[in-house]
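This briefing describes a protein model with its bound ligands. The points are grouped by topic and are meant to be read beside the structure.

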Amino acid sequence: MSRILRVVLHSRPGKNGEPIPENFRVEEGTLQTDLKPGEVLVRTLYLSVDPYMRCRMNDDTGTDYISPWALSECVDGGGVGVVESSCHDAFSEGDTATSFSWRWQTHDVVEGGRLQKLDPELVNGRLSYFLGAVGMPGLTALLGVREKGHVKAGANQTMVVSGAAGACGSLAGQIGRLDGCTRVVGICGSERKCQVLVSELGFTSAVNYRHGDVSAALRESCPDGVDVYFDNVGGPVSDAVIAQMNKDGHVILCGQISQYNKDVPYPPPLKKETQEALLRNNITRERFMVLNYMEKHEAGLLQLSQWVKAGQLKVLETITNGIENMGVAFCSMMTGGNVGKQIVKISD
Ligand SMILES: NC(=O)C1=CN([C@@H]2O[C@H](COP(=O)(O)OP(=O)(O)OC[C@H]3O[C@@H](n4cnc5c(N)ncnc54)[C@H](OP(=O)(O)O)[C@@H]3O)[C@@H](O)[C@H]2O)C=CC1
Ligand SMILES: CCCCCC(=O)/C=C/[C@@H]1[C@@H](C/C=C\CCCC(=O)O)[C@@H](O)C[C@H]1O
């Protein structure tokens with residue numbers, strides 16, 4: 001029996017409420033560490049906080065693929081850890097592993113079949129990258145661009161990315177550039193983030209949506225209009241981008257974070273003018289979900305790993321320490337406190 005810390009959902013923000021760290025509660029508990037056949041004891045190294053978790057804080061997520069978290073039960077999401085002991089053939093002490101449904105606990109006993117073994121070499125030992133650039137957000141950026149973006153090298157395309165300084169957006173813009181877009185413009189929520197996009201990640205230009213006239217800034221940044229829009233945020237930012245899209249353009253409908261604190265279905269309804277602009281200009285806007293492309297994940301992770309190792313894909317992370325700060329890190333990410341992927345480091 002070991003003593004552990006875990007995070008449970010303490011209260012729900014309400015469907016129209018902003019989440020607060022106090023919606024989560026850290027508890028001490030015990031873990032039975034005598035393993036049954038097939039089980040693995042893992043120590044958590046890193047946990048991910050992600051926007052879709054906001055929907056899991058509601059008692060009804062409004063979707064059929066994301067389930068609500070139960071009150072007072074341990075919450076879960078993407079995680080990476082190290083095997084401390086194993087009764088499963090595929091795992092040995094010292095192996096590293098990941099899962100989309102890693103419990104927010106310092107240690108756990110899990111069925112080995114629910115874990116994927118990791119090759120640290122893919123990330124040059126930076127294991128947190130498996131929750132970001134060489135993980136679900138990286139795949140979202142890569143497959144979103146490749147499956148829905150219709151990017152063609154040499155076609156002089158302009159791509160706009162919203163949420164551009166975040167986990168998916170910072171990678172999507174770089175991938176748009178690697179795949180041949182002439183111009184990649186990022187939209188994000190601060191001057192500092194705009195600077196990072198241009199000076200560190202190679203975006204052509206960046207627009208701060210919290211400052212000044214976004215439509216005017218976009219017009220200046222996109223003199224030939226917008227061909228591909230990687231949409232992470234929805235709402236007024238997306239209305240402004242779609243109004244400047246060219247005929248036969250493509251919206252990659254990745255996420256709509258600006259609407260997650262509202263009681264609306266996913267994807268949220270568009271305003272009439274935006275819907276009309278899509279129809280008038282024959283713009284596709286297809287919902288993209290990374291979990292619908294599982295058969296492409298292995299090759300996608302290899303591609304992402306190669307780019308990262310070659311320095312062609314720059315990785316940004318914001319790392320918060322300590323399981324007691326899961327709620328703080330989640331709320332910070334939801335309000336723009338992160339640059340790149342928001343990670344919580346749980347142990348060495
Ligand atoms: N379809 C799929 O398969 C997947 C979709 N997603 C979606 O991708 C999007 C990005 O996720 P992820 O990269 O993990 O998160 P990020 O790392 O981008 O973090 C979220 C960011 O959203 C921005 N934001 C918050 N509120 C608003 C607002 N009202 N208007 C504009 N921007 C806002 C903040 O940046 P800022 O400072 O710029 O405001 C914040 O940093 C989300 O919508 C998510 O749901 C993610 C994974 C898979
Ligand atoms: C309702 C908002 C969804 C916005 C898009 C998004 O962020 C999607 C993210 C998914 C995410 C969650 C999907 C399923 C989780 C299931 C958990 C459960 O019900 O137990 C992530 O894991 C991959 C993205 O496709």
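Which atom of S67 lies 2.7 Å from an oxygen atom of ligand 2? The partner is a polar backbone atom of S67. The model is predicted, and the points below cover its two ligand shells, one helix, the cysteines and several local backbone features.

**Ligand 2**

- The shell around ligand 2 holds 14 residues, and the closest are Y65, S67, Y260, M289 and V290.
- The protein covers 84% of the accessible area of ligand 2, which on its own has 620 Å².
- Besides the backbone contact from S67 at 2.7 Å, a polar side-chain atom of R56 is placed 3.4 Å from an oxygen atom of ligand 2.
- By residue class, the shell of ligand 2 consists of 11 nonpolar residues, two polar residues and one charged residue.

**Ligand 1**

- Ligand 1 is surrounded by 27 residues, of which K193, Y209, Y260, V290 and N338 are the closest.
- Y260 and V290 are named among the closest residues to ligand 1 and also among the closest to ligand 2.
- The side chain of N338 brings a polar atom to 2.5 Å from an oxygen atom of ligand 1.
- The backbone of V290 contributes an N or O atom at 2.7 Å from an oxygen atom of ligand 1.
- A polar backbone atom of Q256 is found 3.4 Å from an oxygen atom of ligand 1.
- On its own, ligand 1 exposes 910 Å², and the protein buries 90% of this area.
- Three elements give two or more residues to the shell of ligand 1, namely α2, α3 (167-178) and α9 (326-334).
- The shell of ligand 1 comprises 15 nonpolar, 10 polar and two charged residues.

**Helix α2**

- Helix α2 runs over residues 136-148, a total of 13 residues.
- From its first C-alpha to its last, α2 reaches 17 Å, close to the 18 Å expected at 1.5 Å a residue.
- Because 10 of its 13 residues are buried, α2 is largely enclosed by the rest of the structure.
- The buried residues of α2 are P137, G138, L139, T140, A141, L142, L143, G144, V145 and K148.
- This helix is also one of the elements that give two or more residues to the shell around ligand 1.
- After α2 comes H150, which has a positive phi near 50 degrees.

**Cysteines**

- The model has zero disulfides.
- C55 takes part in no disulfide, and the nearest cysteine sulfur, in C254, is 13 Å away.
- With a relative accessible area of 14%, C55 is buried.
- For C181, the closest cysteine sulfur is that of C222 at 11 Å, which is too far for a bond, since a disulfide requires two cysteine sulfur atoms within 2.5 Å.
- C181 is likewise buried, at 4% relative accessibility.

**Strand β8 and V161**

- V161 belongs to strand β8, which spans residues 158-162.
- The relative accessibility of V161 is 0%, so this residue counts as buried.
- V161 and G176 are 15 residues apart along the chain, and their C-alpha atoms are separated by 9.4 Å.

**Local backbone features**

- The peptide bond joining Y266 and P267 is cis, with omega at about -5 degrees.
- P267 is located in the loop between β12 (245-253) and α7 (272-280).
- Although S72 is not a glycine, its phi is positive, at about 70 degrees.
- S72 sits in the loop between α1 (53-56) and β4 (76-86), and its relative accessibility of 43% makes it partly exposed.
- D248 is not a glycine either, and has a positive phi of about 60 degrees.
- In contrast to the loop position of S72, D248 is placed in strand β12.
- D248 is partly exposed, with a relative accessible area of 48%.

Conventions: Residues numbered from 1 in each chain as written. Chains lettered and ligands numbered in written order. Predicted model: local features only at pLDDT ≥ 70, side-chain atom pairs only at ≥ 80, totals over all residues. Heavy atoms only, no water. Buried < 20%, exposed > 50% of the residue type's maximum accessible area, 1.4 Å probe, protein only. Helix = DSSP H or I, 4+ residues; strand = E, 2+ residues; numbered from the N terminus. Expected span 1.5 Å × (residues − 1). Near = heavy atom within 4 Å. Polar contact = N/O pair within 3.5 Å; in protein donor to acceptor, adjacent residues only side chain to side chain. Areas by Shrake-Rupley, 256 points an atom, 1.4 Å probe, with all protein chains shown as cover. Nonpolar A, V, L, I, M, F, W, Y, C, P; charged D, E, K, R; others polar.
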